[in-house]
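Me: I'm new to reading structures and keep tripping over the labels. Could you show me how each label gets decided?
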Amino acid sequence: MSDQQKRVALVTGAGRGIGFAIARRLSEDGFAVALVDIDEKTARDASAAIGSASIGIQADVTKRDEVVRAIDTAEKEFGGFDVIVNNAGIAQVQPILDITEEEMDRVHAVNVKGVLWGIQAASEKFKARGHGGKIVSACSIAGHEGFAMLGAYCSTKFAVRALTQSAARELAKDGITVNAYCPGVVGTDMWKEIDARFAELTGAKSGETFDKFVDTIALGRSQTPEDVARLVSYLAGPDSDYMTGQSILIDGGMVYR
C-alpha cells in the first residue's frame with residue numbers, strides 16, 4: 001500500500017506523552033500521521049521517531065487558522081484526510097476561590113477552543129473531500145466527575161463532553177462520528193506537574209498526590225500512554241463506525257458511569 005492510499009490522521013499535542021503514543025499506534029495501524037505540537041522541533045523530533053509516513057507540524061491549537069493550516073498541510077502531504085485526534089491539553093491546579101481570569105482563559109483556550117477548532121476544521125475538510133470521517137477528542141475522568149483543586153480543568157473536560165455530544169448529533173448526517181476518550185492517572189509530564197502543584201498548595205510530599213490517586217485504581221497501577229492509545233486506535237478505526245457522541249472512560253477503574 002502506497003502512502004497515497006493510506007488513511008490519514010492528525011494528532012494534536014503529539015510531541016510527547018499520550019499524544020505521541022497515539023500517533024505511534026495510529027502509524028502502526030497503517031495511518032499516515034501528522035504530529036502537531038506548539039513547538040516545531042518537538043513535532044519534528046517526534047515524527048522522526050515514528051519514521052516514514054509521518055510529518056511534524058508546528059501549530060497553536062488555540063488559534064483556529066493554525067489548526068486549519070495544519071490539516072491543509074497534512075492533506076497536501078499525504079493526499080487525504082480521515083481522522084483528527086484533538087489531544088492537546090494542559091492542566092490547571094488551583095482552589096476554586098483563587099482561580100484568576102487569566103488562568104481560566106488559558107486553560108479553556110487550549111482544552112476547549114483547541115477541541116472546537118479541531119472539530120470545525122476537520123468536519124469542513126471531510127465535507128470538502130466528499131466523505132465522512134472520525135473526530136476523536138481528549139476528555140478525562142475530570143469530564144465525568146469534579147475533583148477538588150481541579151475545578152477549572154474539570155470545567156474544560158465537561159465542556160469537551162458537551163461539544164462531543166452536540167457535534168455528534170449535528171455531523172452524523174455527514175457520516176462523521178465524534179467521540180472522546182477519558183483517561184485517569186497517566187504517568188506523564190502533565191501528572192508530574194499536577195503532583196508538584198498539589199505539593200505546593202497542600203504541603204504534600206513529592207509523589208504523594210500521584211500515589212494517592214493511584215491507590216483508588218481498581219486495577220492497581222497507574223495508566224500508561226499506550227493504554228490510552230489502544231482505545232483511540234479503536235475510535236479511529238472501522239470497528240467503531242456505529243459509535244458516536246460517547247466520552248469513554250479508560251481509567252483502570254476509578255470513575256464509574
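Reply: Sure, let's start with Tyr 153, which the unreviewed UniProt entry annotates as "active site"; such annotations may be inferred rather than shown by experiment. This is a predicted model, where local features need pLDDT of at least 70, side-chain atom pairs count only at pLDDT 80 or more, and totals for chains, interfaces and linings use all residues. Residues are numbered from 1 along each chain as its sequence is written, and side-chain values use heavy atoms, with hydrogens and water left out.

Me: What makes Tyr 153 buried or exposed?

Reply: Buried means under 20% relative accessible area, exposed means over 50%, and partly exposed is in between (1.4 Å probe, protein chains only). Tyr 153 has 10%, so it's buried.

Me: And why is Arg 25 called partly exposed?

Reply: Arg 25 comes out at 27% relative accessibility, so it counts as partly exposed. Arg 25 is in helix 1 (residues 17-28), and its C-alpha is 27 Å from that of Tyr 153.

Me: Which residues is Tyr 153 in contact with, leaving aside neighbours within four places in sequence?

Reply: Contact means heavy atoms within 4.5 Å. For Tyr 153 the list is Ile 90, Ala 91, Gln 92, Val 107, Asn 111, Ser 140, Ala 142 and Met 190.

Me: Tyr 153 is in helix 5. What decides where a helix is?

Reply: Helices are DSSP runs (H or I, at least four residues), strands are too (E, at least two), and both are numbered from the N terminus.

Me: Why is helix 4 called roughly parallel to helix 5?

Reply: The axes of helix 4 (residues 101-129) and helix 5 (residues 151-171) cross at roughly 15° and come within 9 Å. Angles under 35 degrees count as roughly parallel, over 145 as roughly antiparallel, 65 to 115 as roughly perpendicular and the rest as oblique. That makes helix 4 roughly parallel to helix 5. Among the residues making the contact are Val 107 and Asn 111 of helix 4 and Tyr 153 of helix 5.

Me: What's special about the phi of Ala 53?

Reply: Most residues other than glycine have a negative phi. Ala 53 has a phi near 60°, a positive value. Ala 53 sits in the loop between helix 2 (40-50) and strand 3 (54-58), and at 12% relative accessibility it counts as buried. Met 149 also has a positive phi, near 75°, and lies in the loop between strand 5 (133-138) and helix 5.

Notes:
Axes are lines fitted to C-alpha atoms, for helices over the stretch in contact, and angles run from 0 to 180 degrees between N-to-C directions.
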